[in-house]
Amino acid sequence: MTTLLEVSGVSVTFDGFRAINNLSISIGEPELRAVIGPNGAGKTTFMDIITGKTKPDSGHVLWGEKSLNLLGMSESRIAREGIGRKFQKPTVFEAQTVRENLAMALRNDRGPFDVLFYKRSQRDSTRILELAEEIGLLDQLARKAGELSHGQKQWLEIGMLLAQDPRLLLVDEPAAGMTPAEREQTTDLLKRAAETRAVVVVEHDMEFVRRLNCKVTVLHEGSVLAEGSLDHVTKNPEVIEVYLGR
Amino acid sequence: MTRTPLFANRSVLIVLLVLALFTVFVTLASQATGFGWISTSFVKTLGKTLCLCLIAIAMDVVWGYCGILSLGHFAFFGIGGYAVGMWLMYARTEQIVAGSLAGQALPATPEEISAAIGTQIFGVVGSSEFPPIWAFAHSLPLQLLAVVIVPGLLALVFGWLAFRSRVTGVYLSILTQAMTLALALYLFQNDSGLRGNNGLSGLQNIPGLDAWGQDWISIVFFWASALALGLGYLLFSWVVSGKMGSVIRAIRDDEARVRFLGYHVESYKLFVFTITAMVAAVAGALYYPQAGIINPAEIAPIASIYLAVWVAIGGRGRLYGAAIGAVFVSLASSWFTGGGAPDIDLGFYKLVWTDWWLVLLGLSFVAVTLFFPQGIGGLFDFVAVKRQGDFGPDDGSWRSEEGEAK
Ligand SMILES: Nc1ncnc2c1ncn2[C@@H]1O[C@H](COP(=O)(O)OP(=O)(O)OP(=O)(O)O)[C@@H](O)[C@H]1O
Ligand SMILES: [Mg+2]
């Protein structure tokens, strides 16, 4: 396992409020990592920083073998580097069909003229079917994404994430709004994805995290409180105090 | 699935068919090529209306599909008109001047001819010098190139500056409007080199075609406008279909999300803004020879606001809706303001439509926006739904694509 993403000494302040405080995390490839922590701990902001949505006040975010600095890049460039993201609130293009949503996410050239002259290939069609099968939306391909249930939208967004074929998947609360059976499927899917890539999952549901069976990072007030196996961190008195004890 | 996405969209074929039938009908009805049922000036009105349809579908692509409410596309339309107008005016004046100097004992030198043309054209603004922007006015091909290149470059530079700094929504609209206003104010100046508020005139006289007469010229321009509209419709249908259309609509609905998928949103907006500006300019270049005159008032921001009103009333996000809006509102406008609509005597007050038309238009705009956001084009959905058949109570919310698959 080599280091894919290296976040070091990052701080972010919103109107004087320090949401991320000297945060350092490193993610390997392949690796499955769970990030937990109380509301407002900075989990989503951590993903915002990596994906270029939020610019930190200080620190470094280095990526890949060449240690590229992600902080100077635009959101779209970071995505093209191979970082995909699923948002906390499912964000799919509701006015478009499931197929169109997946097709847009498929890993292909992203320039305007590439897209203008794009011809749907057999390979892409097959890939869309595979993905739809994997996320259980095979019979919904022609439906508008806006008509799907909350859980199905979550699935669709996960499907779009896989379609991008990223090296690093950032997944923010994937299980929200899912039935227990769906949650189980989601853990399986994430574990499978993490066999070949880096996957970072933010989740509140402890059962879900337990099933992921991976290294856990506990965030609190914008920095790492504890890191290790789930059993290890849940025995940590500080973690119990700020997160589990409540 | 074997059909290309463009022609999978039945509306494209229907629109082209309607346009072709309309062209045949007008040809048969015109003075020059048909039975003379309609006047030459009405042929020109129809030709101009087709040009307005063309800029309306361009506006629909940039606003209805891509979500950029540009209040500047009539500036590009006007630039197209000016570019072609410069050649028309130059070449025609050259003919006249050459004719009047031909009677002289000594043949006129090129300098004399040029000075005489300059005096003819710029006399109204107290000048006789050719300003630098007229450098290519003698050449039709160069001015035709300018029709697309100048607005294209302006849109490219303006769009690059605006989109790069992520100006969106109402701020972007204000910015585009400011651009239009600045251009109009500049052109209003006498020393702008384009004859100030006199504008360019006599554009209906096409140099070299004196033998033709306006009846022929009007129908030829009508054909050209119909052809341009047909090609523009095909072009934009292609752009907004398939994956490109998908990305463009996604940018309209949630541009931040599109960025996280790896698309450089600004490039897409720039592409759409520029290509629609160029098509708008082509529409303007065909419009003004039929109108005969262009002046800076045509570029005033109100024109671009009208354009947005047409598209909203016709129905955003469907190309034929925009075209219908342009036809409907511009013809209604000339009917009401041209005294065609009978005044209404309310006893205590006489409703004169030439005064009240704008109020009526404004109210319709508000009403459409509030109560019928699909616009006139939305009416076609009822027809379309009927044709697809009923997929039963459970499938009622399903889409046509699924219906066919069964
Ligand atoms: N754009 C912003 N402007 C101001 N404050 C912000 C902004 N984004 C986040 N914050 C604040 O930063 C803190 C961390 O927020 P963040 O969304 O990262 O928490 P989280 O760990 O994802 O919480 P949750 O579990 O509720 O999703 C919160 O207090 C939040 O209010
Ligand atoms: Mg969060």
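To talk about how two helices cross, picture each axis as a line fitted to C-alpha atoms over the stretch in contact, with angles between N-to-C directions running from 0 to 180 degrees. Keep that in mind as we walk through this structure, which is a predicted model.

Let's start where the two chains meet. On one side, 27 residues of chain B are in contact with 34 residues of chain A. Which residues of chain B lose the most area to chain A? They are Lys243(B), Arg257(B) and Phe260(B), and together they account for 26% of what that side buries. Taking both chains, about 3000 Å² is buried between them, with 61% of it on carbon and sulfur atoms.

There is also some charge pairing here. The count between chain B and chain A comes to three salt bridges. In one salt bridge, Glu157(A) pairs with Arg257(B), and their closest N and O atoms sit 3.2 Å apart. That's the Arg257(B) we just met among the residues that lose the most area. Beyond salt bridges, you can look for polar contacts: eleven residue pairs across the interface qualify, both residues being at pLDDT 80 or more.

So what does chain B bring to the meeting? Four of its helices, α8 (213-240), α9 (242-260), α10 (265-291) and α16 (400-405), each supply at least two residues of the side that touches chain A. The largest share, twelve residues, comes from α9(B). By type, that side of chain B splits into twelve nonpolar, five polar and ten charged residues.

Now zoom in on α9(B) and one partner across the interface. Helix α3 of chain A covers residues 98-105, and its axis comes within 10 Å of the axis of α9(B), crossing at roughly 95 degrees. Crossings of 65 to 115 degrees count as roughly perpendicular, so α3(A) is roughly perpendicular to α9(B). From α3(A), the contact is made by Glu100(A), Ala103(A) and Met104(A), while α9(B) offers Lys243(B), Ser246(B), Val247(B), Arg249(B) and Ala250(B). Sorted by type, the residues of this contact are four nonpolar, one polar and three charged.

Finally, have a look inside chain B, at α8(B) and α10(B). Their axes come within 10 Å and cross at roughly 170 degrees. An angle over 145 counts as roughly antiparallel, which is why α8(B) is described as roughly antiparallel to α10(B). Among the residues making this contact are Phe221(B), Phe222(B) and Leu235(B) of α8(B), along with Phe271(B), Ile275(B) and Leu286(B) of α10(B). Here the split is twelve nonpolar, three polar and no charged residues.

Conventions. Residues are numbered from 1 along each chain as its sequence is written. Chains are lettered from A and ligands numbered from 1 in the order in which they are written. This is a predicted model: local features need pLDDT of at least 70, side-chain atom pairs count only at pLDDT 80 or more; totals for chains, interfaces and linings use all residues. Side-chain values use heavy atoms; hydrogens and water are left out. Contact means heavy atoms within 4.5 Å. Buried area is the accessible area (1.4 Å probe) that two parts lose on being put together, summed over both. A salt bridge is a side-chain nitrogen of Lys or Arg within 4 Å of a carboxyl oxygen of Asp or Glu. A polar contact is a pair of N or O atoms within 3.5 Å; within protein, one must be able to donate a hydrogen and the other to accept it, and residues adjacent in sequence count only if both atoms are side-chain atoms. Ala, Val, Leu, Ile, Met, Phe, Trp, Tyr, Cys and Pro count as nonpolar, Asp, Glu, Lys and Arg as charged, and the others, Gly among them, as polar. Angles under 35 degrees count as roughly parallel, over 145 as roughly antiparallel, 65 to 115 as roughly perpendicular and the rest as oblique.
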